[in-house]
Structure formats: structure tokens, C-alpha cells
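Student: I am new to this model and would like a close look at a single part of it. Please take me through that part in one connected account.

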Amino acid sequence: MNIGDKLSDFWTKFTGSAEVIIALSVSVLVFAVLYFYMIRFLLDNKSGGLVVIFVLSMVLGAGIISLSNMDSAIYLVIPAIYLVILIVLYSVELKRIIWAHMNMKLADVKHAGGRSYDEEKVENCISEIIKALQNMSKSDTGAIIVLSTGNIPSQIIDSGVKIDADISSALIESVFFPKTPLHDGAMIITDTKIVAAGCFLPLSQNVDNIPKDLGTRHRAGIGITETIDVVSLIVSEETGIISIARAGKISRYADFATLKKTLNKYYWQELESARK
Amino acid sequence: MDNENYRNNQFESGESKAKAVWRNIGIGALALFVAVLTVVVINL
């Protein structure tokens, strides 16, 4: 049977009954949604070349299968191979997307009860964090502190050491003191507690918009804010500059007023809204 | 450290909203084309 006959048969089948039309339309919709997210994911990860190869291989595959007597179901091998390649090549990125979706649910559950804070305790936490950051800035001690609303995935907490201690500048500075076991990882703060330290964070993959002079610590600080709604406070080991990362953007040279504003926003707005 | 000069030194990323919408329309059209192709070929 040649291609003309095959297409003619398909058209007859397509126009045959309402059930067939609905079934084919649903199939098109399902495949379109799958391909949409696949193509968008590849483009988001700067893999336009893979999209071109995918479309060309689909067109070429369609031609070969139409002209030969091969089983047309073999055609589905092409998108299947692409899905496997996508999962293997972009496992980290896919994991981040899954985390991001999981975290929204975690935050909803965790703060469903709601509780308010003692103003004095919060002010004490804010001043202790600022004091620690400024002391570490003066002594060029590298540090990374993540302010979370309880939405940090357990994988990240488990990668470090759980602390569950009250916030104090002495403890923060001790953790980041060079040559101590936990100084190289990130400290996670949730509410008025230091939850964990020495945690490994995903690095930012945004190579275009982050200056080359920012090292791994800054990339980790930015990376975690790209996928999860948290704020990172970073002290540079080389320059002592304090930076604030939020939603994948970094603001450098944070002074007392900026830190105070950020921490006030974290305690009085972000935590409050997360509790609702 | 010159805080005043550099405090707002932000590194913006991302696209404008309109550009993102057109990008999604483009991706959607491409996805629809490949989806139609797939359904036609597997039903031949």
C-alpha cells in the first residue's frame, strides 16, 4: 500500500465516526501536552539543538515509516528515546522541579496550625543573625545562611547535620569558623531555630547572568532560591561582601539596613503568610 | 566597600511577560504539529 492509499484510509477512518474523532483528538491533545513540556524544558535548559534534532527525527521517522511497511507503532520509539535521554541528561533539573512542587505542599501542611511570635524573640533573632553576618564579613569568613519557611526538602536537611538550636551569633560564627567540619555547607534557619548546618545546596545553572567572579558558595546560594521560595544570605570568603539572594537574583553589598529589612520581611511577612 | 554605589547591583534574569507568552505560543504550535504527526503516523 502506498502513502496515498494509507492517507486515504486514515482520512476515511478519521471521518468515519464521532468516537474515532474524539479518540484521535484526545490522542493529539495528550501528545501535544507531553511535547510542549518536553520542548519547553529543553529550551529552558539551553538545549535548542536537541529540540531541532527531535523535530527533524520525528519528521524523518514519519517519512520512513509511511513509505515502508514497518509497523507504525515503532514510531513511538523516537519520543520514548527522547524521554529517556531527557531523564538521564537532566535528572538534577527534573529533581528540582519535583522538589518545587513538593515544597508547596509541604509548606501548606507544615503551617496549617499557625502560631504567632514573641516580638522580642524575633528582634533578638534578627540582631543575632545580623551580628554574626557582620562579624564574619569583617573577618572574611565565608558563610551561607538559608532563611526558609519550612519548605526546604528533607534531602537537603539530611545532607548536613541537624542542629535544632536557638539562633545565636556565637553559634552561627562557630559553625562557619574555617576548618570546622560544617563550615563549608549551608546553614538552614526556619523560624527562630537553626535547623541544620553543613547542608549541600543545588548550584545555580544560570551561567549567563551570574558574574564569573562569584564562586561556588554564591552559586549555591542563588541555586536554592531559583527553585524554592527562600532567601539566602551569603558572606564572601574572598571579599567579606554580604549578598542577599532571592528568586534567582543576587543583591550584593548588603549593609545593616538592608539586612534588617530582609530579615524583618522574612519574619513578619513571609513566615506569617506561610502560616496562613 | 562602597555600599551606596553597589547596594542595588542586581543581576536581572528572565524574559519579559509578553516575550514569554509568544515563546509559549511558538512551543505550543511546534508541539501540536509533532503531536498531529505522531497520531497520523501511528494510525496509518
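Student: How many helices and how many strands are there in chain A, and where does chain A touch chain B?

Tutor: This is a predicted model, in which local features need pLDDT of at least 70 and side-chain atom pairs count only at pLDDT 80 or more, while totals for chains, interfaces and linings use all residues. Residues are numbered from 1 along each chain as its sequence is written, with chains lettered from A and ligands numbered from 1 in the order in which they are written.

Chain A has ten helices and seven strands (DSSP runs numbered from the N terminus, H or I of at least four residues for helices and E of at least two for strands). Of the 276 residues in chain A, 32% are buried (20 or more other C-beta atoms within 10 Å of a residue's own, against 12 or fewer for exposed and partly exposed in between, with C-beta atoms placed from the backbone).

The seven strands form an open sheet with mixed pairing, in the order S2-S4-S3-S1-S5-S6-S7 of chain A (a pair needs at least two DSSP bridges). At its edges are S2 (161–166) and S7 of chain A, each pairing on one side only. From one strand to the next, the twist averages 25 degrees. Within the sheet, S1 (143–148) and S5 (231–235) of chain A pair in the antiparallel sense over five bridges, and A:Ile144 stands opposite A:Ile234 of S5(A). Helix H9 (216–227) of chain A lies across S1, S3, S5, S6 and S7 of chain A, at about 175 degrees to S5(A) (angles run from 0 to 180 degrees between N-to-C directions, and axes are lines fitted to C-alpha atoms, for helices over the stretch in contact).

Two loops in chain A hold a residue with positive phi. A:Asp191, in the loop between S3 and S4, has a phi of about 55 degrees although it is not a glycine; A:Asp191 is buried, because 21 other C-beta atoms lie within 10 Å. A:Ala247, in the loop between S6 and S7, has a phi near 50 degrees. With 13 C-beta neighbours inside 10 Å, A:Ala247 is partly exposed.

Now the side facing chain B. Here 35 residues of chain A are in contact with 25 residues of chain B (C-beta atoms, placed from the backbone, within 7 Å). Helices H1 (3–14), H2 (18–44) and H3 (48–67) and strand S7 (249–251) of chain A each give two or more residues to this side. H2(A) supplies the largest share, ten residues.

H2(A) packs with H2 (17–42) of chain B at about 135 degrees, their axes 7 Å apart, which makes H2(A) oblique to H2(B) (not under 35 degrees, roughly parallel; not over 145, roughly antiparallel; not 65 to 115, roughly perpendicular). The crossing of H2(A) and H2(B) is right-handed (the near helix is turned clockwise from the far one by less than a right angle; anticlockwise would be left-handed). Among the residues making this contact are A:Phe31, A:Tyr35 and A:Arg40 of H2(A) and B:Leu30, B:Val34 and B:Thr38 of H2(B). By class, the contact of H2(A) with H2(B) has 16 nonpolar, three polar and one charged residues (Ala, Val, Leu, Ile, Met, Phe, Trp, Tyr, Cys and Pro are nonpolar, Asp, Glu, Lys and Arg charged, and the others, Gly among them, polar).

Definitions and conventions
Two residues are in contact if their C-beta atoms, placed from the backbone, lie within 7 Å.
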